[in-house]
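Student: I have a model open and want to go through it piece by piece. Can you take my questions as they come?

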Amino acid sequence: MKALKCRECGREYPLEATHVCEFDFGPLEVAYDYERIKKSLTRAAIESRPKTMWRYRELLPIAGEPTVGPLVGFTPLVKAPRLAKALGIRELYVKNDAVNYPTLSFKDRVVSVALSRAKELGFETVACASTGNLANSVAANAASAGLKSYVFIPSDLEQGKILNSLIYGANVICIKGHYDEVNRLCAEIAGKFGWAFVNVNMRPYYAEGSKSMAYEIAEQLGWRAPQHTIVPMASGSLLTKIHKGYQELVKVGLIADSQPKIYGAQATGCSPISTAQRAGLDFFKPVKPDTIAKSLAIGTPADGFYALKVMRETNAAADDVTDDEIRNAIKLLAETEGIFAETAGGVTVGVAKKLIASGKIPRDSSAVICVTGNGLKTLDAVQGHCGKPREIKPSLREFEALLAQEEKVNA
Amino acid sequence: MSKKVRIPTPLRKLTNNEELVEINAATIGEALIELQTRFPGIQERLVDDKGEVRRFVNVYVNEEDIRFLKNRETPLKDGDEISIIPAIAGG
């Protein structure tokens, strides 16, 4: 790490807990010395290290060794031939962060960076504004690091996601409103209390954690970037960081520049970025979210502008899917590949299907779908939509009758 | 009674660390001008050279984003509270 640098005007700031430029409110980003990193970060060096996201340590923004979440990342890149066949594409992989450690979503990546850095900067209380997964990860990682935590969430979240924060002893504050209102309040709280808000004043460090998903995909493909990567968009941050991750690997000489395309997926009920992308705009109009994909329900996406820029520059596209399409896609992924994704995963698979059907992603190509969260946390969304178990007495005769009935139906 | 503007941390150096500033303006556009008169330099931080509110600045009147109201033309009445919040947060 060299400094924090404004993405808009380039002004530099010290490596503290601060996230916007004082002059134009542009986002601050961590600047690295890539020439130096290039000398020590070789494929052999990386491959000799433990299978966690910290094997790319030089490209992540902490000063010392990771102290929070040392085991996060290196989730499976699953080859998905049955889903590929169903979607009509030659080759497909699922990057499965539904089994990330410890809280089953990609947020464990960003939180382990943010909290490791927060400890380096001397914070004792950590906090976040969250649509659920982030709150779970902050709560769990803070607990194991001995930090005090406050997590702020919209009050209408799935029960599973609320319970998954409470269990770790975090202070869970439900806000009567949607995520954008939670976020606005947190920006005000962060200015007032001396806490490390992972996605407010710690955001420059936090957001960099997402790059590790791209590093892993490239390494797991045998050190190359995929032609097409499909990413869910809430704030748009993950999409921009996956792009940055591939670019950095090129910059430090670990992969060739194959011009990977990065596609964005949203729910139709909250689609400010995909709507702008399809209209060919470079700015978005904020919306009031109404979708079952609550983890993606951000109507005023902080990185919407940059996500649009990445899609424009990589000549990619975005699309969105309805609640029914989301549920169907969750089922399709589960039935073809045995992976149970949360609603955001349904959004991403559903949008991949649309992009392939429309020819925006060519059928004769290879793609990676990023699944960022686990279906066990959003059971409410599919409850009543995936059939019912059949009940019988513990009798062989009843079972045979049931099978015979079924054969008749299927005949 | 007048209207109040909540000043975000990055701009408090310009307001002598004042967090809450009272104004009399009748619209958001006028409020920006009034702030500039009292705290020179603050306007260029908030609006670009075309006079539009900067891409990374969100302005709220009583907790509602002005883009859901009438942007710069949004009227202000006595007792209103205006928040200026950096857009880069969350997600």
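Student: How many helices and strands does chain B have?
Tutor: In this predicted model, chain B has two helices and five strands. Along the sequence they follow the pattern β-β-α-α-β-β-β.

Student: What radius of gyration does chain B have, against a compact globule?
Tutor: A compact globule of 91 residues would have a radius of gyration near 12 Å, and chain B has 12 Å, so the two agree. Its C-alpha atoms fill a box of roughly 35 × 30 × 25 Å along the principal axes.

Student: What share of chain B counts as buried?
Tutor: Of its 91 residues, 34% are buried. As for contacts in chain B between residues at least 6 apart in sequence, 52% join residues at least 24 apart.

Student: Anything odd in the backbone there? Take N62(B): what is its phi?
Tutor: Phi of N62(B) is near 45°, a positive value in a residue other than glycine. Most residues other than glycine have a negative phi. N62(B) sits in the loop between β3 (57–61) and β4 (64–65) of chain B.

Student: Buried or exposed, that N62(B)?
Tutor: N62(B) has 12 other C-beta atoms within 10 Å, so it counts as exposed. The cut-off for exposed is 12 or fewer.

Student: And F25(A), what about its phi?
Tutor: Phi of F25(A) is near 65°, again a positive value in a residue other than glycine. F25(A) lies in the loop between β2 (12–13) and β3 (28–31) of chain A. It has 25 C-beta neighbours inside 10 Å and therefore counts as buried.

Student: While we're on backbone, where is there a cis peptide bond?
Tutor: Between Y101(A) and P102(A), with omega about 5°. P102(A) is in the loop between β5 and α4 (107–120) of chain A.

Student: Switching to the interface. How many residues does each chain put into the contact?
Tutor: Chain A gives 29 residues and chain B gives 22 residues. On the chain A side, helix α7 (residues 179–192) gives the most, with seven residues. By class, that side of chain A has 14 nonpolar, eight polar and seven charged residues.

Student: Now the sheet in chain A. What is the strand order?
Tutor: Six strands form an open sheet in the order β4-β5-β13-β10-β11-β12, with mixed pairing. The edges are β4 (77–79) and β12 (318–321) of chain A; each has a single partner strand, so one side of each is left without a neighbour in the sheet. From one strand to the next, the twist averages 25°.

Student: Which helix packs on it?
Tutor: α13(A) does, touching β4, β5 (91–96), β11 (261–267) and β12 of chain A. The direction of α13(A) makes about 95° with that of β12(A).

Student: Back to β10(A). How does it pair with β13(A)?
Tutor: Strand β10 (residues 228–232) and strand β13 (residues 366–371) of chain A pair in the parallel sense over three bridges. I230(A) stands opposite I369(A) in β13(A), and the bridge partner of T229(A) in β13(A) is V368(A).

Student: And how many bridges join β10(A) to β11(A)?
Tutor: Five, and those two strands run parallel. V231(A) has G264(A) as its bridge partner in β11(A).

Student: Why is β10(A) called largely enclosed?
Tutor: Because five of its five residues are buried. H228(A), I230(A) and P232(A) point one way from the strand, while T229(A) and V231(A) point the other way.

Student: Last one: at what angle do the axes of α13(A) and α14(A) cross?
Tutor: The axes of helix α13 (residues 323–337) and helix α14 (residues 343–357) of chain A cross at roughly 90° and come within 7 Å. The two helices are therefore roughly perpendicular to each other.

Student: Which residues make the contact?
Tutor: From α13(A), they are E325(A), I326(A), R327(A), A329(A), I330(A), L332(A) and L333(A). From α14(A), they are T343(A), G345(A), G346(A), V347(A), V349(A), G350(A) and K353(A). By class, the residues of this contact divide into seven nonpolar, four polar and three charged.

Terms used:
Residues numbered from 1 in each chain as written. Chains lettered and ligands numbered in written order. Predicted model: local features only at pLDDT ≥ 70, side-chain atom pairs only at ≥ 80, totals over all residues. Contact = placed C-beta atoms within 7 Å. Helix = DSSP H or I, 4+ residues; strand = E, 2+ residues; numbered from the N terminus. Nonpolar A, V, L, I, M, F, W, Y, C, P; charged D, E, K, R; others polar. Rg over C-alpha atoms; globule rule 2.2 N^0.38 Å. Buried ≥ 20, exposed ≤ 12 C-beta atoms within 10 Å, placed from the backbone. Axes fitted to C-alpha atoms, helices over the stretch in contact; angles between N-to-C directions. Parallel < 35°, antiparallel > 145°, perpendicular 65-115°, else oblique. Pairing = 2+ DSSP bridges.
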